[in-house]
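Q: Please take a close look at the enclosed empty space inside this protein. I should like to know what surrounds that space and how the surrounding parts are arranged.

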Amino acid sequence: MAKSDFTSVNRKAEIISAAIEVFAEVGYYRATTAQVAQRANISQPYVFKFFSTKELLLLSAVEASWSRVVQSFRQVVEKTSPELLEATLIQEYEHIQAMHHNEMLLQMQAQTIQEEAIQQSMRNGFKEVREMVLAAFQEAGIEKAEERTMLFLARGLLCNVAVALNMPELMKG
């Protein structure tokens with residue numbers, strides 16, 4: 001990869017990171033590409049060099065957040081013994097929430113955005129995580145793998161709400 005290509009890839013990632021922060025803080029509809037550019041310390045036209053619309057920027061941000069979850073879960077699935085799988089996946093998700101709080105807030109917002117492309121991105125993310133966890137639970141011999149997968153996903157969503165509302169008591173038990 002040429003140096004200019006590497007710089008472009010890094011710059012694009014920086015813009016996505018800035019967008020995640022801005023969208024999480026002020027919401028997609030109130031956020032502007034000017035705010036994203038300011039957060040990334042670049043000009044607004046430079047944002048449009050990579051993302052022709054704010055919706056495409058949001059899609060990239062949502063996909064980046066799902067990629068982090070999928071990649072992290074995949075590593076857990078590949079390296080964890082069957083008897084520790086579910087507990088380790090829960091710990092990993094708690095770690096993701098702690099380290100990438102804004103990405104969780106972004107996903108929560110994206111669930112309510114009605115643009116079809118955003119809805120499809122969210123469906124794809126949930127589907128990929130569900131299928132991976134279900135397959136891992138089945139391979140690990142976890143009883144009632146379908147039900148345990150549903151409960152795992154439901155617990156993750158409840159944890160997101162608990163973090164967003166600063167209600168840790170929702171995560172006890």
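A: The model shown here is predicted. It is helpful to begin with the overall architecture and then to move inward.

The protein has eight helices and zero strands, so that from the N terminus on the order of its elements reads α-α-α-α-α-α-α-α. Taken along the principal axes, the C-alpha atoms fill a box of roughly 55 × 40 × 30 Å. Of the 173 residues, 38% count as buried. Among contacts between residues at least 6 apart in sequence, 61% join residues at least 24 apart.

We now turn to the enclosed space. Rolling a probe the size of a water molecule over the atoms shows where empty space is left. In this model the count comes to two cavities of 30 Å³ or more.

The largest cavity holds about 140 Å³ of space. Its lining consists of Trp66, Val69, Phe73, Tyr93, Gln107, Phe126, Val129, Phe152, Leu153, Gly156, Leu157 and Asn160. Three helices each supply at least two residues of this lining: helix 4, which spans 54–79, helix 7, which spans 116–139, and helix 8, which spans 145–165. Helix 8 gives the largest share, with five residues. By class, the lining of the largest cavity has nine nonpolar and three polar residues, and no charged residues.

The second largest cavity has a volume of about 70 Å³. Ile90, Tyr93, Glu94, Phe152, Arg155, Gly156 and Cys159 line the second largest cavity. Here the helices that each supply at least two lining residues are helix 5, at 85–99, and helix 8. Once again helix 8 has the largest share, in this case four residues. The lining of the second largest cavity divides into four nonpolar residues, one polar residue and two charged residues.

Tyr93, Phe152 and Gly156 deserve particular attention. These residues appear in the lining of the largest cavity and also in the lining of the second largest cavity.

The next matter is how the helices around these spaces pack. The axes of helix 4 and helix 7 come within 10 Å and cross at roughly 5°. Angles under 35 degrees count as roughly parallel, and helix 4 is therefore roughly parallel to helix 7. On the side of helix 4, the contact is made by Glu55, Leu58, Leu59, Val62, Glu63, Trp66, Val69, Val70, Phe73, Arg74 and Val77. On the side of helix 7, the contact is made by Ala117, Ile118, Ser121, Met122, Gly125, Phe126, Glu128, Val129, Met132, Val133 and Ala136. The residues of this contact divide into 16 nonpolar, two polar and four charged. Trp66, Val69, Phe73, Phe126 and Val129 take part in this contact, and these residues also line the largest cavity.

Helix 5 and helix 7 pack with their axes 10 Å apart, at an angle of about 155°. Because angles over 145 degrees count as roughly antiparallel, helix 5 is roughly antiparallel to helix 7. Helix 5 contributes Leu85, Glu86 and Leu89 to the contact, and helix 7 contributes Val133, Ala136 and Phe137. By class, this contact has five nonpolar residues, no polar residues and one charged residue. Val133 and Ala136 of helix 7 are in contact with helix 5, and they also belong to the contact of helix 4 with helix 7.

Glutamine 97 offers a further view of the surroundings of helix 8. This residue is found in helix 5. The relative accessibility of glutamine 97 is 6%, and the residue therefore counts as buried, the limit for that class being under 20%. Leaving aside its neighbours within four places in sequence, glutamine 97 is in contact with Met104, Gly156, Cys159, Asn160, Val163 and Met171. Of these partners, Gly156 and Asn160 line the largest cavity, while Gly156 and Cys159 line the second largest cavity.

Finally, two residues close to the limits of helix 8 may be considered. Most residues other than glycine have a negative phi. Lysine 144, in the loop between helix 7 and helix 8, has a positive phi near 50°. Its relative accessible area is 60%, so lysine 144 is exposed. Asparagine 166 lies in the segment after helix 8 and has a positive phi near 55°. At 65% relative accessibility, asparagine 166 also counts as exposed.

Methods
Residues numbered from 1 in each chain as written. Predicted model: local features only at pLDDT ≥ 70, side-chain atom pairs only at ≥ 80, totals over all residues. Heavy atoms only, no water. 1 Å grid on protein atoms, 1.4 Å probe; cavity = no way out; pocket = protein on both sides within 12 Å on 5 of 7 lines; lining within 4 Å. Points joined across faces, edges and corners; volume = space filled by probe spheres on them. Nonpolar A, V, L, I, M, F, W, Y, C, P; charged D, E, K, R; others polar. Axes fitted to C-alpha atoms, helices over the stretch in contact; angles between N-to-C directions. Parallel < 35°, antiparallel > 145°, perpendicular 65-115°, else oblique. Contact = heavy atoms within 4.5 Å. Buried < 20%, exposed > 50% of the residue type's maximum accessible area, 1.4 Å probe, protein only.
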